[in-house]
Amino acid sequence: MPSLVGSEMCIRDSYYMDNTNKYQCTLKVFDDSLSPEKAEPMTVTVFGKSAGDVPHVTKVGSIIRLHRVQTSKYRKSYQINCDVGIKGAWLLFDPAIGVSPISESGKKHTFSPEEKSILSELRKFAKNYFTKNALKAITLKDAEKKHKDFDTICYVEDVKKKGASGKATVSDAHKTVKLDFSSNTKLPVAPEEVIRIRSANYTDKKCDTINLNEYSNILKLDQDYKSAKDLLKKLKK
């Protein structure tokens, strides 16, 4: 079951759940049969016994193939559960290049010519969709009112690392702040990237530094995507 990892949504990075004794990662996915223009993206939750059992998505538009999943209904919406400990499996592909997965839950997999064709078509769909449609986010200035748990899109101006910690300078043309992160985290950023931060928090009343929750995520945006182009255009003014 291949699906496009969309980002009209929240993507939660992997975190440990005490009540299930498992790691889990929550994604929002869609493809050309379930476009966000017509319906809400579908929620996918992947469970695993270790952090390495669940996918770590780093780019908007990545492609995921899910195998042996269960579908359920929650509050009138369907959702998909993939438990790697109970026969579930996944393959994660780059948004633009390659027919080999960048990561997977198992040690081996099969990938038919038909699935390669589906992968190619999904990439075309993703490129077209994200080039024409902006992602949901609020500006760093507007986020001052919310203060916690907000989603925003920024341009990375600079990154400085020191030991096991680091800070990036990020801007969205309305405001420039520091992004506090750990250099050994699985959420790396680099200068001149456009990123979408899921679930950021201002650290104090000054609102000059943001940090991340354990389930936060940072996704890189292709600079041809509408959200990235719009931001870069504002920064040039």
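## A five-strand barrel

Five strands close into a barrel here, running in the order β10-β11-β12-β14-β13, and the pairing is mixed. From one strand to the next, the twist averages 50 degrees. Keep in mind that this is a predicted model.

Helix α3, covering residues 226-236, packs on the sheet. The strands α3 touches are β10 (150-162), β11 (165-171), β13 (194-202) and β14. As for its orientation, the direction of α3 makes about 65 degrees with that of β10.

## How the strands pair up

Start with β10, which has a partner on each side in the barrel order. With β11, β10 pairs in the antiparallel sense over 7 bridges. If you want a spot to look at, find V159: its bridge partner in β11 is A168.

Turning to β13, the pairing with β10 is antiparallel again, this time over 5 bridges. Here I153 has R196 of β13 as its bridge partner.

So much for the antiparallel pairs; where does the parallel sense come in? It shows up between β12 (residues 176-181) and β14 (residues 209-221), which pair over 2 bridges. To locate this pairing in the model, go to L179, whose bridge partner in β14 is I210.

## A closer look at T169

T169 sits in strand β11. Is T169 buried or exposed? Its relative accessible area is 12%, and buried means under 20%, so T169 counts as buried.

What does the side chain of T169 make a polar contact with? The partner is the side chain of K178, at 2.8 Å. K178 also turns up in the wider list of residues that T169 is in contact with, once neighbours within four places in sequence are left aside. The others on that list are Y155, V156, E157, D158, T176 and V177.

## The protein as a whole

Stepping back, the protein has 3 helices and 14 strands. It runs to 237 residues, and 46% of them count as buried.

Contacts reach well along the chain: among those between residues at least 6 apart in sequence, 60% join residues at least 24 apart. On the outside, the protein exposes about 12,700 Å², with carbon and sulfur atoms supplying 48% of that area.

Technical notes. Residues are numbered from 1 along each chain as its sequence is written. This is a predicted model: local features need pLDDT of at least 70, side-chain atom pairs count only at pLDDT 80 or more; totals for chains, interfaces and linings use all residues. Side-chain values use heavy atoms; hydrogens and water are left out. Two strands pair if DSSP finds at least two bridges between them. Helices (H or I, at least four residues) and strands (E, at least two) are DSSP runs, numbered from the N terminus. Axes are lines fitted to C-alpha atoms, for helices over the stretch in contact, and angles run from 0 to 180 degrees between N-to-C directions. Contact means heavy atoms within 4.5 Å. Buried means under 20% relative accessible area, exposed over 50%, partly exposed in between (1.4 Å probe, protein chains only). Accessible areas come from the Shrake-Rupley method with a 1.4 Å probe; for residues, only the protein chains shown count as cover. A polar contact is a pair of N or O atoms within 3.5 Å; within protein, one must be able to donate a hydrogen and the other to accept it, and residues adjacent in sequence count only if both atoms are side-chain atoms.
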